[in-house]
Amino acid sequence: MHRYYVLVWVVWILVPFGAHSKNKASDKWLDNAIQRSEKQLLLAAENFKDSGKNPRTFEHGKVELVTERDWTSGFFPGSLWYVYELTGNTSLKTEAARFTSFVENAKFRTNTHDLGFILNCSYGNAYRLTANEAYKEVMITGANTLMKRYNPKVGMIRSWDFGKWQFPVIIDNMLNLEYLYVVGKMTGNQQMLDAAVSHADKTLVNHFRADNSCVHVVDFDTITAKVILKQTHQGYSDESSWARGQAWALYGYTMMYRFTQKPAYLAQAEKVAAFILNHPRLPKDKIPYWDFDAPNIPNEPRDASAAAVNASALLELSTYVPGNKTYFRAAETILKNLSSDKYLAEAGENGFFILKHSTGNWPKNSEIDTPLSYADYYFVESLLRYKQLKNI
């Protein structure tokens with residue numbers, strides 16, 4: 001396995017964390033969360049193994065299965081890889097390989113920016129854990145495909161091909177930069193690395209408000225590269241703070257700091273963390289409502305997916321700010337609450353998904369108070385990070 005590729009995935013766990021000592025009695029919630037996740041994933045794998053598709057959500061009493069044409073298709077195989085890493089259960093490894101293969105053809109998709117979500121979560125984890133060169137080749141092909149969406153004039157990767165926008169860029173796109181950075185370092189492709197940094201730099205300038213919240217969509221003029229408009233497409237309003245959008249921002253800049261060590265990225269990650277954690281409408285359990293400005297709080301749906309993304313990002317961020325225990329403690333609170341019966345499904349329930357109570361797209365009345373594959377993915381990633389940081 002390429003040495004750098006190993007290092008960029010584990011560098012954050014090498015920071016000293018002696019303050020988080022072993023305490024097995026107090027970590028029963030963690031064992032329970034891992035065990036339930038393992039059971040649910042194995043049940044899901046058994047039920048869907050012959051479908052050629054990956055589960056996305058459970059809505060109206062039915063599991064939605066998706067092909068590699070769906071942006072969420074890489075999360076279920078990624079979850080299998082993570083929980084295999086957590087447990088050593090080789091049955092999970094076998095199923096992870098099976099469901100990963102279902103998304104291989106995404107490597108040729110030029111009509112989406114989501115190849116990081118689709119291929120890095122699946123094939124990226126597969127290669128990291130197995131060093132199988134076949135996985136690496138899929139990753140390289142897919143990253144080269146993703147680069148076709150990079151516009152040097154704008155200096156960014158185009159997000160969507162629908163709608164009336166000229167060149168829309170969504171905050172979610174920050175997470176696909178990890179894919180370019182991993183493959184760019186793996187192959188020595190400086191153009192990929194430069195594209196990722198350019199995209200992050202321009203997002204930093206254009207997506208954030210004075211209070212360090214972010215808008216969802218920024219549309220650019222392809223000739224002048226100037227901003228045409230700003231919107232919050234999946235939030236309550238253009239001026240509102242969509243919860244998962246804030247989580248993508250937190251995760252994205254924390255991750256980009258890991259790769260680049262640029263102080264501006266760490267500073268932005270901390271600003272976003274402060275916005276989220278100090279917000280007066282963040283519930284005590286730190287599982288946010290779907291939008292911080294939704295009009296009927298506290299009678300609004302929660303979004304466990306945003307909470308899971310926040311937890312994973314905060315755990316990593318905690319390693320970059322020695323002596324500040326705020327981020328670790330906040331992540332721990334989130335994980336303990338997500339691991340309670342309120343959010344953590346019993347084996348065989350919830351369409352075989354791990355977490356309950358996520359919100360997909362409220363404005364379109366889609367996936368409201370449902371499980372979501374990406375909530376599960378970032379939840380089990382958080383469990384892994386937490387366990388490694390605690391050295392349990």
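**Exercise 1. Decide whether K49 is buried or exposed, or lies in between, and describe its salt bridge.**

Solution. With a relative accessibility of 25%, K49 counts as partly exposed, because buried means under 20% relative accessible area, exposed means over 50%, and partly exposed is in between (1.4 Å probe, protein chains only). Next, K49 forms a salt bridge with E46, the closest N and O atoms being 3.4 Å apart, where a salt bridge is a side-chain nitrogen of Lys or Arg within 4 Å of a carboxyl oxygen of Asp or Glu. Its partner E46 is likewise partly exposed, with a relative accessible area of 47%.

This is a predicted model, in which local features need pLDDT of at least 70 and side-chain atom pairs count only at pLDDT 80 or more, while totals for chains, interfaces and linings use all residues. Residues are numbered from 1 along each chain as its sequence is written, and side-chain values use heavy atoms, with hydrogens and water left out.

**Exercise 2. Find which residue forms a salt bridge with R36, and state where the two partners lie.**

Solution. The partner is E346, with the closest N and O atoms 3.6 Å apart. This pair links distant parts of the chain, since R36 belongs to helix α2 (residues 28-48) and E346 to the loop between α12 (326-338) and β8, 310 residues apart; helices (H or I, at least four residues) and strands (E, at least two) are DSSP runs, numbered from the N terminus. R36 is buried at 12% relative accessible area, whereas E346 is partly exposed at 38%. The search of the whole structure finds 17 salt bridges.

**Exercise 3. Explain why C121 and C214 are not joined by a disulfide.**

Solution. A disulfide is a pair of cysteine sulfur atoms within 2.5 Å. The closest cysteine sulfur to that of C121 is in C214, 19 Å away, and therefore too far for a bond. By this rule the count is zero disulfides. Both cysteines are buried, C121 with a relative accessible area of 5% and C214 with 2%.

**Exercise 4. Work out the strand order of the open sheet that contains β5, β6 and β7.**

Solution. The order is β5-β6-β7, with antiparallel pairing, where two strands pair if DSSP finds at least two bridges between them. The edge strands are β5 (168-170) and β7 (227-231), each of which pairs on one side only. Between β5 and β6 (residues 217-220) there are three bridges, and V169 has V218 in β6 as its bridge partner.
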